[in-house]
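Student: I have a protein model open and I do not know where to start. Can you walk me through it?

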Amino acid sequence: MVRLFLVFFIVIFMNAGEFDKVFNNFDNTFSNSSTSIKKKLHKDIRDVYVKTSIDKNIQDKKEVLKRLIHSSKSLGYNYIGYENELKSLGDNYNSYLNYISKKNILDDVKKPVDKEKILLSQKPTKKPDSLKKQQSVKKEPIATKKKETPVKNNNTKKELPSLDKKRSDKNSKLMLLGVKKISGGVELKFNRTVDDSEIKKFALKGNIYRNILDIKAGNYSKVSKIENHAVEEIRIAQFDKDTTRVVFSQKGKFNISFSLKENLINIVASGKASAKTATPKKNIKPKLIVIDPGHGGKDPGATVGKLKEKDIALKIAKNLGNELSLRGYKILYTRNTDKFIPLRSRTAFANKKNADLFVSIHMNAGPNTKKGKTLSGVETFFLSPARSERSKNAAALENKGDISDMNFFSKQTYLNFLNREKIIASNKVAIDVQKHMLNRVSKKYSMKDGGVREAPFWVLVGATMPAILVECGYVTNSHDSKVIVQSKYQKDVALGIADGIDIYFSKNR
């Protein structure tokens, strides 16, 4: 056992020195890079994040979280989870902005201001004679040109309004400032907070099916058309003087959904459109996913009155399986009826079938205390030593269903920890699933973000493929218990898990 721990820590410390190089490379190149390079740098930083999660290096964790927030904001990814985790460690993203500004690295968020400065600095080149006369005095021409900044308006056909995220005053004209591609759709950026009443969604049927979003806004975006992304075509244009129209077009019926976050609107295609884009090509073997509804039979799982974990887990698991099947995946269940299956048999089944992913579905429960009843939200776990009391409690609750396996797994657990590749892959799946599950249920059902967590769940120990355990709500919480029994929630949370799995496989084929 001592040797195992020594090997474990040696592997950890071998990675410590490489983080500084990754951080420096990111700081020096990210802001001025192309989108493809930014995605590569984001992936490198996320790999470091996974390693710091395993290695327990708090300082490196803070540094990598700051850069993940920075790259996620620039690329249009969800950064809220990273921001919350950074705050929980006693740090904030602003400290990173101050750091890179001292290094004179352009910040993507401030690019419009930087472009104005660049335009001002270029104006003197139009008057080479005056510059020659003032070569000995370098600072005076700059000061003179700053006083002439009003002239800039004569050369600007369309001046962008300044961004004010905090304003929700409808009297302030809403302006679309930019459009970015995101997974499954686009992100629209506005000059102020957008209200639901300013958006109208509808569809037009025909040979080409169109889903449309009309927004009461002026269009200042340079993007007018995006092809073969989520659907066959996305168009953004000024429909009339008060309306910007966004049109998703494709042959065959599909749907779009949108979510609001301050001055951002995320629009994502779903239904048949997303299924078509996610389906593997004919010459590619479809991914096999084993879905494991927790507990069953003599083991009801967490129970409050008539509410039993095993019943809700099975319903969500079947919704998840149906959705993934529509998207072209091959699905197997460890159980599809109310029967008991030992923990060891669940992953043994997945191993025997050579599954590409193992997903275990559960409901959580807090301890029988005043504080325990306040615990709520959705969480995604991957196999690792428990880091928090909350993780330990969750693992203890799910593990007690099959006590006979504990002695067997206790001997195997640390051997699994040394399989860094599987742990890293499992963490990546967990991050994607948690993010997209939240996109589906956080606002609609007021479900809290429990985060991505590490814990020694016995059901995950034997898996030879990436494996996660999803807790879809707390049966012991007064709010969650009312939500998780709703069939609509069960479908939506399954859609979120499916979205996360889709994204993971699209990035890790």
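**Reading the model step by step**

Tutor: Start with one residue. Tyr489 is buried, with a relative accessible area of 0%. Keep in mind that this is a predicted model.

Student: How many helices and strands does the protein chain have?

Tutor: There are 18 helices and 18 strands in the protein chain. Of its 509 residues, 48% are buried. Now look at contacts between residues at least 6 apart in sequence: 72% of them join residues at least 24 apart.

Student: How do I describe a pair of aromatic rings?

Tutor: Two values do the job: the distance of the centres and the angle of the planes. A search of the whole structure finds seven aromatic pairs. One of them is Tyr96 with Tyr99, 6.1 Å centre to centre with 40° between the planes, a tilted pair.

Student: Where do Tyr96 and Tyr99 sit in helix H6?

Tutor: They are three residues apart in H6, which covers residues 94-102, so about one helical turn separates them. Tyr96 is buried at 2% relative accessible area. Tyr99 is partly exposed, at 33%. Tyr93 joins Tyr96 and Tyr99 in one aromatic cluster.

Student: Why is the pair of Tyr445 and Tyr489 called edge-to-face?

Tutor: Check the angle. The planes of Tyr445 and Tyr489 stand at 85°, and the cut-off for edge-to-face is over 60 degrees. Their ring centres are 5.1 Å apart. This pair links distant parts of the chain, 44 residues apart. Tyr445 is in the loop between helix H15 (420-441) and strand E17 (449-455), while Tyr489 is in helix H18 (residues 487-507). Tyr445 is buried, with a relative accessible area of 9%.

Student: Which charged residue lies over the face of Phe239?

Tutor: Arg245 does, at 3.7 Å from the ring centre. Phe340 has a similar story to tell: Lys298 lies over its face, at 4.5 Å from the ring centre.

Student: How do I read a sheet?

Tutor: Strands of a sheet pair through backbone hydrogen bonds, either parallel or antiparallel. Here, five strands form an open sheet in the order E5-E1-E2-E10-E9, with mixed pairing. Strand E5 (218-219) and strand E9 (255-261) are the edge strands, each pairing on one side only.

Student: Do E1 and E5 run parallel or antiparallel, and how many bridges join them?

Tutor: They run parallel, joined by two bridges. E1 covers residues 175-182. Find Met175, and you will see Gly218 of E5 opposite.

Student: What do E3 and E4 form?

Tutor: A hairpin, with four residues between the two strands. Strand E3 (residues 199-204) and strand E4 (residues 209-215) pair in the antiparallel sense over six bridges. To follow one bridge, go from Lys201 to its partner Leu213 in E4.

Student: Which residues of helix H12 are buried?

Tutor: In H12 (residues 343-352), they are Leu343, Arg346, Thr347 and Ala350. Look down the axis of H12. These buried residues fall within an arc of 80°, so they line one face of the helix. After H12 comes Asn354, whose phi is positive, near 55°.

Student: Can we follow one residue through its surroundings?

Tutor: Take Tyr329. Its place is in the loop between helix H11 (309-326) and strand E14 (330-333). At 8% relative accessibility, Tyr329 is buried, because the cut-off is under 20%.

Student: Which residues does Tyr329 touch, not counting residues up to four places away in sequence?

Tutor: Tyr329 touches Lys287, Ile289, Leu324, Ile501, Asp502 and Phe505. Pick out Asp502. The two residues are 173 apart in sequence and 9.6 Å apart in space, C-alpha to C-alpha. Their side chains make a polar contact at 2.5 Å.

Student: Is His42 buried or exposed?

Tutor: His42 is buried, with a relative accessible area of 8%. You will find His42 in helix H3 (residues 35-55). Leave aside its neighbours within four places in sequence, and His42 is in contact with Leu68, Ser71, Ser72, Leu75 and Tyr77.

Definitions and conventions:
Residues are numbered from 1 along each chain as its sequence is written. This is a predicted model: local features need pLDDT of at least 70, side-chain atom pairs count only at pLDDT 80 or more; totals for chains, interfaces and linings use all residues. Side-chain values use heavy atoms; hydrogens and water are left out. Rings of Phe, Tyr and Trp (its six-membered ring) pair if their centres lie within 6.5 Å; planes under 30 degrees apart count as stacked, over 60 as edge-to-face and the rest as tilted. Buried means under 20% relative accessible area, exposed over 50%, partly exposed in between (1.4 Å probe, protein chains only). A charge sits over a ring if NZ of Lys or CZ of Arg is within 6 Å of the ring centre and within 35 degrees of the ring normal. Two strands pair if DSSP finds at least two bridges between them. Contact means heavy atoms within 4.5 Å. A polar contact is a pair of N or O atoms within 3.5 Å; within protein, one must be able to donate a hydrogen and the other to accept it, and residues adjacent in sequence count only if both atoms are side-chain atoms. The arc is that of the directions from the helix axis to the C-beta atoms.
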